[in-house]
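Please read the following report with the sequence and the structure side by side. It begins with one term, and then moves from a single residue to the chain as a whole.

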Amino acid sequence: MHLLSFAILIGQMRRIKSCIGVSSRSQEAYLLVFLARYSDLLIVGIRSHYLFAMKVLFMALTLWTIWLIRFSHPIKMTYDSIHDNFPHRVTLYPLALIIALVYHVHFSKHPYYSLVWSWSIVLESIALLPQLYMLRKTNEVDTFSTRYILCLALYRFCYLVNWVIRLTFRDESLNAAELHFEVIFGIVQSLFVSDFVYRYFKSLNGKTRITIPI
């Protein structure tokens with residue numbers, strides 16, 4: 001589902017040569033999430049070729065998305081920087097850092113990776129806020145940006161199901177504190193996205209518009 005969200009976003013931007021309704025600031029936040037979380041490759045190396053490929057792919061696709069929005073002509077000409085002005089650098093990043101400093105999961109991999117990983121989990125839960133804020137300000141929800149957010153919602157739902165199963169059957173292969181930390185902030189992210197999904201399906205009858213409270 002996560003890869004599908006990238007396929008929809010990048011595919012449509014390249015097809016229609018437009019990035020209207022897409023927040024570069026949310027993509028920047030997601031890039032930092034991936035760079036921070038997957039920095040474990042520098043510590044433990046490659047233990048799974050599948051996971052290594054997926055990690056590199058997520059970072060590359062996010063970077064490609066940002067490049068299309070910011071530098072690719074004529075797509076960059078349609079970037080709505082006026083409405084994509086959520087102050088993410090002075091709100092989301094420090095907030096995630098404060099929460100991670102107060103409560104973070106301890107790993108044995110590296111003394112600093114525990115904090116970096118925890119920061120990435122918290123930041124991911126709120127990384128979509130610039131995107132929702134932008135849609136709220138423009139009062140326009142494009143079809144492909146809607147499908148992109150829906151795919152992210154389904155991706156997060158799949159993760160929640162995975163966490164519930166592991167908690168239910170007490171998967172011994174995972175750190176219990178790590179799992180609980182992911183569940184807490186996974187629920188936070190799901191609340192943001194689920195509200196959008198609810199309003200989207202509510203608007204399908206054609207009688208109501210999608211409204212996004214921030």
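A polar contact is a pair of N or O atoms within 3.5 Å, where, within protein, one atom must be able to donate a hydrogen and the other to accept it. The model discussed here is a predicted one, and the term applies directly to Asp84, whose side chain makes a polar contact of 2.5 Å with the side chain of Tyr79.

**Asp84 and its surroundings**

Asp84 is found in the loop between α4 (49–70) and α5. A second polar contact, of 2.7 Å, joins the side chain of Asp84 to that of Ser23. When neighbours within four places in sequence are left aside, the residues in contact with Asp84 are Ser23, Ser24, Arg25, Tyr79, Pro130 and Met134.

Which side chain of opposite charge is nearest to Asp84? That side chain belongs to Arg25, at 4.7 Å, and Asp84, although buried, has no salt bridge. The cut-off explains this, because a salt bridge requires a side-chain nitrogen of Lys or Arg within 4 Å of a carboxyl oxygen of Asp or Glu.

**Salt bridges**

A search of the whole structure finds 4 salt bridges, and the table gives three of them, with the distance taken between N and O atoms.

| Positive partner | Negative partner | N to O distance |
|---|---|---|
| Arg89 | Glu28 | 2.9 Å |
| Arg37 | Glu124 | 2.8 Å |
| Arg156 | Glu124 | 3.0 Å |

In the salt bridge between Arg89 and Glu28, the pair links distant parts of the chain, with Arg89 in helix α5 and Glu28 in helix α2 (residues 24–37), 61 residues apart. Arg89 counts as partly exposed because its relative accessibility is 49%, whereas Glu28, at 18% relative accessibility, counts as buried.

The salt bridge between Arg37 and Glu124 likewise involves two helices: Arg37 lies in helix α2 and Glu124 in helix α6 (residues 113–126), so the pair ties together parts that are 87 residues apart in sequence. Both of these residues, Arg37 and Glu124, are buried.

Glu124 also forms a salt bridge with Arg156, and this pair links helix α6 with helix α8 (residues 143–168), the two residues being 32 residues apart. Arg156 is buried, as is Glu124. Through salt bridges that share partners, Arg37, Glu124 and Arg156 are joined into one network.

**A nonpolar patch on the surface**

Turning to the surface, a nonpolar patch is formed there by Leu97, Ile98, Leu101, Val102, Tyr103 and Ile184, which together have about 590 Å² of accessible area. Which helix supplies the largest share of the patch? Helix α5 (residues 88–102) does, with 4 residues. Ile184, by contrast, has its place in helix α9 (residues 176–202), and Ile184 counts as partly exposed because its relative accessibility is 43%.

**The chain as a whole**

The protein chain contains 9 helices and 0 strands. The chain has 214 residues, of which 46% count as buried, and it exposes about 11,600 Å², with carbon and sulfur atoms supplying 65% of that area. Among the contacts in the chain with a separation of 6 or more, 78% are between residues 24 or more positions apart.

Definitions and conventions. Residues are numbered from 1 along each chain as its sequence is written. This is a predicted model: local features need pLDDT of at least 70, side-chain atom pairs count only at pLDDT 80 or more; totals for chains, interfaces and linings use all residues. Side-chain values use heavy atoms; hydrogens and water are left out. Patches are made of residues with over 30% relative accessible area and no salt bridge: like charges are joined within 9 Å, nonpolar side chains (Val, Leu, Ile, Met, Phe, Trp, Tyr) within 5 Å. Accessible areas come from the Shrake-Rupley method with a 1.4 Å probe; for residues, only the protein chains shown count as cover. Buried means under 20% relative accessible area, exposed over 50%, partly exposed in between (1.4 Å probe, protein chains only). Contact means heavy atoms within 4.5 Å. Lys and Arg count as positive and Asp and Glu as negative; His and the chain ends are not counted.
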